[in-house]
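Biologist: Please take one part of this model and go through it closely, then set it in the context of the rest of the chain. Give the cut-offs as the terms come up.

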Amino acid sequence: MRDFTLELEQRKQAGLYRTRRQISGPQQPALTSDGRPLLSFCSNDYLGLASHPANIKALRDALPETGLGGAASHLICGHHDAHHQLEQRLAEFTGRSSALFFSTGYMANMGVISALAGRGDTIFSDRLNHASIIDGCILSRAKIRRYAHGNVAELEAMLAKASGHKLVVTDGVFSMDGDVAPLKELARVCRAHDALLVVDDAHGIGVLGPQGRGSIVEQGLSEEDVPVLIGTLGKAVGTSGAFVAGSPVLMDYLIQKARTYIYTTAMPPAIAVATCASIDLIEQDDERRRHLRELVAVFREEASSMGYELMPSRTPIQPIMIGDNWAALELSRALEERGMLVTAIRPPTVPEGQARLRVTLSASHSRADLDQLLEALSQCRHLVAQTDVAV
Ligand code: PMP
């Protein structure tokens, strides 16, 4: 039998052991951990909408109408009016002809990729794509070709040599680096080589583009250029779940074939109602995005002038590159002593030798909150005297 205890011990020795932190209270901008308040710079609630009173009221008001649980899968008897209305709202919001509501982004990626590609097909995947994309590729049983991060020339050379159906999949905003995929170029090579382009815009929806419509709209592209958009609702939208948006034929195909859509209980319909309320706020409230962009600009300016190594990111995901696992843990611990929560991210979530502190900023942070983080970073600068990142 496999020695699980030994494997856990080896993880600990390598600085790779993962633990959960128990938190309480509302989560942004501060949470409570072990009875202590900590300013949080590691959630994906980029707009602070997870605790917005309008969304909470929408959920509360919907519950007596819809009941709590989803009660059945969509194809049995779980497809509620509220789900249907959310799908129409998501299609309209993203400028697409139709949408399908999934329970999580992980399930959406697994279900969509494994439905749209199969044995004999080839999937081309950016090396830094999210774990759920990687798992979707494996589940599909298609041949998987990974291209260097953002390297469209390498992708094009691979596409030129491939035969059979081709699917290209990429994050819109990369979850651990914060950079934005070159979608225009990807759309161009996909068109030239008759490949289906799938974009997971988990971190772009709500944050990028006019009225927060995401990275595809920001880059001036439409459903014709990127036929399959996947978005999550538990990040900037502040609720829960995910969606796929594209043509009605594609949605129909997914309803027939995406196993993570078919064989699971529908999301609570009240969540769909609250999500519609949140999308209204995202569309109407440019001020949150403006404030967030300002925080990002100040953070980049100040942290890099302290000598911290940042990534070329203009999104709220602002990793501080450390390199060594233990050094990343040490900086995270020192910041926590000063009341700041910034989790260390280590392999296999990021490549070997690229441990980092993934700072995420949110419109819920005030300028004073950010100043506290910057002050703590300045006090801890000596802990990363020498960055040695194997990028
Ligand atoms: N895609 C990306 C790029 C992500 O970062 C994540 C979440 N970390 C997901 C998908 C999964 O989404 P969810 O949390 O809704 O399962």
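**Domains, sheets and annotated sites**

Modeller: The domain assignment splits the chain into domain 1 (21-51 + 286-384) and domain 2 (53-284); such bounds come from an automatic or database domain assignment. The model is predicted, so local features need pLDDT of at least 70 and side-chain atom pairs count only at pLDDT 80 or more, while totals for chains, interfaces and linings use all residues. Residues are numbered from 1 along each chain as its sequence is written.

The C-alpha centres of domain 1 and domain 2 are 27 Å apart. Across the boundary, 19 residues of domain 1 are in contact with 19 residues of domain 2, contact meaning that the C-beta atoms, placed from the backbone, lie within 7 Å. On the domain 1 side, strand β12 (residues 317-323) gives the most to this boundary, with three residues. Helices (H or I, at least four residues) and strands (E, at least two) are DSSP runs, numbered from the N terminus.

The part to look at closely is the seven-stranded sheet, with the annotated lysine in one of its loops. This open sheet has the order β4-β10-β9-β8-β7-β5-β6, with mixed pairing; two strands pair if DSSP finds at least two bridges between them. Strands β4 (98-102) and β6 (143-147) are at the edges with a single partner each, so one side of each has no neighbour in the sheet. Ignoring direction, neighbouring strands are turned by 20° against each other on average. For this and later angles, axes are lines fitted to C-alpha atoms, for helices over the stretch in contact, and angles run from 0 to 180 degrees between N-to-C directions.

Within the sheet, β7 (residues 166-171) and β8 (residues 195-200) run parallel and are joined by six bridges. Leu-167 is placed opposite Leu-196 of β8. Helix α5 (residues 105-116) packs on this sheet and touches β4, β5 (122-126), β7, β8, β9 (228-232) and β10 (242-246), its direction making about 160° with that of β9.

The loop between β9 and β10 carries Lys-235. An unreviewed UniProt entry annotates Lys-235 as "modified residue: N6-(pyridoxal phosphate)lysine". UniProt positions are given in the numbering used here, feature names are shortened, and annotations may be inferred rather than shown by experiment. Lys-235 counts as buried because 27 C-beta neighbours lie inside 10 Å. By definition, a residue is buried if 20 or more other C-beta atoms lie within 10 Å of its own, exposed if 12 or fewer, and partly exposed in between, with C-beta atoms placed from the backbone. Leaving out residues up to four places away in sequence, Lys-235 touches Asn-44, Tyr-46, Ala-202 and His-203.

The unreviewed UniProt entry also places a "binding site" feature at Arg-18, His-130 and Thr-349. His-130 is in the loop between β5 and α6 (131-140), and its 23 C-beta neighbours inside 10 Å make it buried. The contacts of His-130, not counting residues up to four places away in sequence, are Asp-171, Ser-175 and Asp-200. Thr-349 is in the loop between β14 (344-345) and β15 (355-360); with 16 other C-beta atoms within 10 Å, Thr-349 is partly exposed. Pro-348 lies in the loop between β14 and β15, and a cis peptide bond joins Pro-347 to Pro-348, with omega about 10°.

Strands β14 and β15 belong to an open sheet of four strands, ordered β11-β12-β15-β14 with antiparallel pairing. Its edges are β11 (309-310) and β14, each with a single partner strand, so one side of each is left without a neighbour in the sheet. Six bridges join β12 and β15, which run antiparallel, and Gly-323 stands opposite Ala-355 in β15. Helix α13 (residues 286-305) lies across β11, β12 and β15 at about 20° to β12. Helix α14 (residues 325-337) also packs on the sheet, touching β12, β14 and β15, with its direction at about 35° to that of β15.

For the chain as a whole, there are 15 helices and 15 strands. Buried residues make up 49% of the 391 residues. Among contacts with a separation of 6 or more, 72% are between residues 24 or more positions apart.

Methods
Two residues are in contact if their C-beta atoms, placed from the backbone, lie within 7 Å.
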